[in-house]
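Hi everyone, thanks for coming. Today I'd like to walk you through one protein chain, step by step, so please have the picture open in front of you.

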Amino acid sequence: MCNERSLDALLSQGLDRYRLAIFMQGVSDLIVTATNRRVAPIMNHPILATSYLDFWGRRYNLWTHAVLRWIACDLMGLSRRPVLQIIAAFMVSGILHEAVSLLVLGEVKGYWLAFWILQLALTLFFPRRKLPPLVGAVLFQATFLATAPL
């Protein structure tokens, strides 16, 4: 059963992710202001996502998305296989997060890889374009917040 404390922790972790997104966008804006140069945006209003594909592919951490797309398309040769691109991107991300965990914490427990495998499954199977945008957004946000503690 979900108690009040775990719900608070769930909401707190989900909100921390959005605060990070806002902070990263602020860093990008600061670079633009300080250097008077254009910088590719880091985020594209992730709070407005209506599906996992929309969130991971078009709204959240666009710089990392570009690198993962380059790895999947160019290095792995999957440019004509979009589903395999998605699988490769999530697996590479999970492995990289586990590597950072090993470097920072000195251990790998598999939590990050499990999180990215879950996100991969949700990205592949979450309904797209069949739901009204508001319904999709609410359903996405609810399921995303539910997986945030992982």
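**A walk through the chain**

Let's begin with how the chain meets itself: among contacts between residues at least 6 apart in sequence, 51% join residues at least 24 apart. Before I go on, please keep in mind that this is a predicted model.

What is the chain built from? Its secondary structure comes to six helices and zero strands. If you read along the sequence, you get the pattern α-α-α-α-α-α. Of the 150 residues of the chain, 31% count as buried. As for the outside, the chain exposes about 10,100 Å², and carbon and sulfur atoms supply 67% of that area.

Let's stay on the outside for a moment. Leu20, Phe23, Val27, Ile31 and Trp63 make a nonpolar surface patch of about 450 Å². Which helix gives the patch its largest share? That is helix α1, residues 4-35, with four residues. Here is a bit of background that helps: an α-helix has 3.6 residues a turn, so residues three or four places apart point the same way. Take Ile31 as an example from the patch. Ile31 lies in helix α1, and because its relative accessibility is 36%, Ile31 counts as partly exposed.

Now please find helix α2, residues 52-59. We'll look at charges here, and the general idea is simple: side chains of opposite charge can pair when their charged atoms come close. How many salt bridges does the model have? The count comes to three. In one of them, the side chains of Asp54 and Arg58 meet at 3.4 Å, N to O. Asp54 and Arg58 are four residues apart in helix α2, so about one helical turn separates them. Asp54 also meets the side chain of Arg59 in a salt bridge, this time at 3.0 Å, N to O. Put together, Asp54, Arg58 and Arg59 are linked in a network of salt bridges.

Are the members of this network buried or exposed? Asp54 counts as buried because its relative accessibility is 8%. Arg59 is buried too. Arg58, with a relative accessible area of 42%, is partly exposed.

There is also a salt bridge between the side chains of Lys109 and Glu107, at 3.8 Å, N to O. Lys109 has 53% relative accessibility, so Lys109 counts as exposed. Glu107 has a relative accessible area of 36% and is partly exposed.

Next along the chain is helix α3, which covers residues 62-75. This helix has 14 residues and reaches 19 Å from its first C-alpha to its last, close to the 20 Å expected at 1.5 Å a residue. Which residues of α3 are buried? They are Leu62, Leu68, Ile71, Ala72 and Cys73. And what do these buried residues pack against? Their partners are α2 and α4. Just after α3, look for Gly77, which takes a positive phi of about 70 degrees.

Finally, my favourite part: the aromatic rings. The count comes to 16 aromatic pairs. Let me show you one: the rings of Phe90 and Trp116 have their centres 5.9 Å apart and their planes at 45 degrees, so this pair is tilted. Phe90 lies in helix α4, residues 82-105, and Trp116 in helix α5, residues 111-125, so the pair ties together parts that are 26 residues apart in sequence. Both Phe90 and Trp116 are buried.

Compare that with Phe126 and Phe140, an aromatic pair that is edge-to-face, with 6.4 Å centre to centre and 90 degrees between the planes. Phe126 sits in the loop between α5 and α6, while Phe140 is in helix α6, and this pair links distant parts of the chain, 14 residues apart. Phe126 and Phe140 are both buried.

Now widen your view a little. Phe90, Trp116, Phe126 and Phe140 are among the members of one aromatic cluster. The other names to look for in that cluster are Tyr52, Phe55, Trp56, Tyr60, Trp112, Phe115 and Phe144.

So, if you take a few pictures home, take these: a chain of six helices, a salt-bridge network of Asp54, Arg58 and Arg59, and one aromatic cluster that includes Phe90 and Trp116. Thanks for listening!

Terms used. Residues numbered from 1 in each chain as written. Predicted model: local features only at pLDDT ≥ 70, side-chain atom pairs only at ≥ 80, totals over all residues. Heavy atoms only, no water. Patch = residues over 30% accessible without salt bridge, like charges linked within 9 Å, V, L, I, M, F, W, Y side chains within 5 Å. Areas by Shrake-Rupley, 256 points an atom, 1.4 Å probe, with all protein chains shown as cover. Salt bridge = Lys/Arg side-chain N within 4 Å of Asp/Glu carboxyl O. Helix = DSSP H or I, 4+ residues; strand = E, 2+ residues; numbered from the N terminus. Buried < 20%, exposed > 50% of the residue type's maximum accessible area, 1.4 Å probe, protein only. Phe/Tyr/Trp six-rings, centres within 6.5 Å; stacked < 30°, edge-to-face > 60°. Expected span 1.5 Å × (residues − 1). Contact = heavy atoms within 4.5 Å.
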